[in-house]
Every structure is written in C-alpha cells, then in structure tokens.
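Work through the exercises below with the sequence and the model at hand. Try each task before reading its solution.

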Amino acid sequence: MDIIREAVRAKYAETAIKLRDGGGCCDSTCCGGSDAVSGPIGDEEYSNAEVQELGLSLGASLGCGNPTALAPLHPGDIVLDLGSGAGLDVLLSARRVAPGGHAYGVDMTDEMLALANDNKARSGVENATFLKGTIESIPLPEAAVDVVISNCVINLAADKRAVLKEAFRVLRPGGRLAVSDMVEVESLAPSVKSSLDAWAGCVAGTIPVDAYRAAVSDAGFDAVAIEITNTFGPHEAGLPEGSGKIASAFIRASKP
C-alpha cells in the first residue's frame, strides 16, 4: 500500500511541477491525461467562462469529469474535495457556496498543494483552504461538511473502503457524496493491475462497478447511484490489446 501511495505521490509531484512551469499532463500516465479521458462528459463539462473567471484554464483539472456539477451547491454549504490536486474543483465550489460557505481540499502532495495555493491567490477566492493529508485519514472532524466531492482520485487509493468510510465520517447527516471516478468494466490483465505506472494513470486501481457500489453502501451511504459515462478500451487507455476496459463514472450517494 505504501509503495502504491508513493508511486502516485511521485507522479503527481512531477505533474504539479510541469503545470507550475507552464506545461501540462498530456499523456496516458495522468488521470485525464488523454483527450479521451479529459474531454467533456455528457452535460457535466466545465464551463470555460466559469474557469476563466478564476484566472485558470481547464489544464488545472486532471480529472475524468466535473464533480461540482453532480451535487447542487448552495450558499453556506461546506464542501470537501478528496485529492484536490491543482485546486480547480475547490475554487469552483468555493464560489458557488459563497457567501457563508467554505470549500476544503485535501491532498498528500506538497507540490500540488503549493500549486493549488498559487491558483487560489490568482483567482482571488478567499473561502477555500487546502489541507495536507491522505484521503484515507482526512484532517477534519466528524460531521464537518455538507458535500464530499472527488475527481478521479479514489481509484488511486489502495484501500478504497477506508476512503469511503472517511468520507462518511466527515459528512453531516443528510450530507452528499458526489464523485467522478474510473471503474473497471472488463477485467484488466494481471500485468496491468500490478503496474505502478498504471496505478498512477488511473487504470490499475479501478474496481468493478458492483464492487464500487458495495464499498459505498458498506461505508454507510444510501441512495447509491453509479452512472457510466464513457468507456475506454486498451487503445484509448494506452494499454496493450486484450488488457481489459475501464470507464469514467459518476457516483452519487447520501448519508442518512
């Protein structure tokens, strides 16, 4: 588990430095790195105007969807983004919950946290905070937030059940989970599942839809809904032929 976490951390530290220096993540080793994974998904794509108002570009998202569009956000809401990366989803959420609300992001990578805080300063958004920590041990108290979002990050965790239990812990009763993530829709080859590069690329850590739904339910959530949005074969995912298939998905649930 520590080996997987370190591989993911190292890859996203490298990506943060590229983004900081004006580059991007444009290969299949990054979540959202290929056009297939990072393009618009249904009606849930980012608004270019909204992103530009923050002084940012869509390159600030390394995800596989737009979790901020999956759950209505209201002034006064407290939002938490698991694996907040460069901070786009946190900053968009912060604007939507103002006045009176706040958006938190938690990330384990120092370089990403520095980039997120730079983006926060550029955007002028004040009701946002980026915290250092892992998504398996969120640095917030119990029942602290109204909405938990995440963008193509939970699949990167070796212990997804721990992540979902933590999301449940920090949500208030009636709180909502709204996640964009990658799932396995055709069994991946053992060589892919054991590849650390494939873990960091949002491939090897994917689990079947039924297993994902069970993990969300077992964490205590109800009203679990999973919607497959795009499916990627070996070519689109940068894998050898016969390696299986993955898909982007929207996962919604609520805390009783």
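**Exercise 1: A cysteine in a loop**

Task: Decide whether Cys202 is buried or exposed, then place Cys202 in the chain and describe its backbone.

Solution. The model is a predicted one. Step 1: Cys202 has a relative accessible area of 3%, and the cut-off for buried is under 20%, so Cys202 is buried. Step 2: Cys202 belongs to the loop that runs between α8 (196–200) and α9. Step 3: its phi is near 65°, a positive value in a residue other than glycine.

**Exercise 2: Another cysteine and a proline**

Task: Find the loop that holds Cys152 and give its phi and burial. Then state which peptide bond ending at Pro99 is cis.

Solution. Step 1: Cys152 sits in the loop between β4 and α6. Step 2: phi of Cys152 is near 60°, again positive in a residue other than glycine. Step 3: Cys152 counts as buried, at 2% relative accessibility. Step 4: the cis bond is the one from Ala98 to Pro99, with omega near -5°. Step 5: Pro99 lies in the loop between α4 (88–97) and β2 (102–107).

**Exercise 3: The buried side of α9**

Task: List the buried residues of helix α9 (residues 209–218). Why do they lie on the same side of α9?

Solution. Step 1: the buried residues are Val209, Tyr212, Ala215 and Val216. Step 2: they lie on the same side of α9 because they cover an arc of only 125° around the axis. Step 3: an α-helix has 3.6 residues a turn, so residues three or four places apart point the same way. Step 4: the partners packed against these buried residues are α6 (160–170), β5 (171–186), β6 (222–232) and β7 (245–254).

**Exercise 4: After the helix**

Task: Describe Ala219 and Gly220, which come after α9.

Solution. Step 1: Ala219 is in the loop between α9 and β6. Step 2: Ala219 is buried, with a relative accessible area of 9%. Step 3: leaving out residues up to four places away in sequence, Ala219 touches Leu164, Lys165 and Phe168. Step 4: Ala219 and Glu166 are 53 residues apart in sequence, but their C-alpha atoms are 8.4 Å apart in space. Step 5: Gly220 follows α9 and has a positive phi, near 120°.

**Exercise 5: Two helices that cross**

Task: Characterise the contact of helix α1 (residues 2–20) with helix α5 (residues 110–123).

Solution. Step 1: the two axes come within 7 Å and cross at roughly 35°. Step 2: the crossing is left-handed. Step 3: α5 contributes Glu111, Met112 and Leu115, while the residues from α1 include Tyr12, Ala16 and Arg20. Step 4: by class, the contact has 7 nonpolar, 1 polar and 3 charged residues.

**Exercise 6: The cores**

Task: Which residues have the most contacts inside the largest nonpolar core, and which element gives the most to this core?

Solution. Step 1: the largest nonpolar core has 34 residues, and those with the most contacts inside it are Leu80, Leu82, Val145, Val148, Leu177 and Phe221. Step 2: β1 (78–82), β4 (145–151), α6, β5, α9 and β7 each give two or more residues. Step 3: α6 gives the most, with 5 residues. Step 4: apart from this core lies another, of 22 residues, among them Leu115, Met182, Ala237 and Leu239.

Technical notes:
Residues numbered from 1 in each chain as written. Predicted model: local features only at pLDDT ≥ 70, side-chain atom pairs only at ≥ 80, totals over all residues. Heavy atoms only, no water. Buried < 20%, exposed > 50% of the residue type's maximum accessible area, 1.4 Å probe, protein only. Helix = DSSP H or I, 4+ residues; strand = E, 2+ residues; numbered from the N terminus. Arc of directions from axis to C-beta. Contact = heavy atoms within 4.5 Å. Axes fitted to C-alpha atoms, helices over the stretch in contact; angles between N-to-C directions. Left-handed = near helix turned anticlockwise from the far one by under 90°. Nonpolar A, V, L, I, M, F, W, Y, C, P; charged D, E, K, R; others polar. Core = buried A, V, L, I, M, F, W, Y, C linked by side-chain atoms within 4.5 Å.
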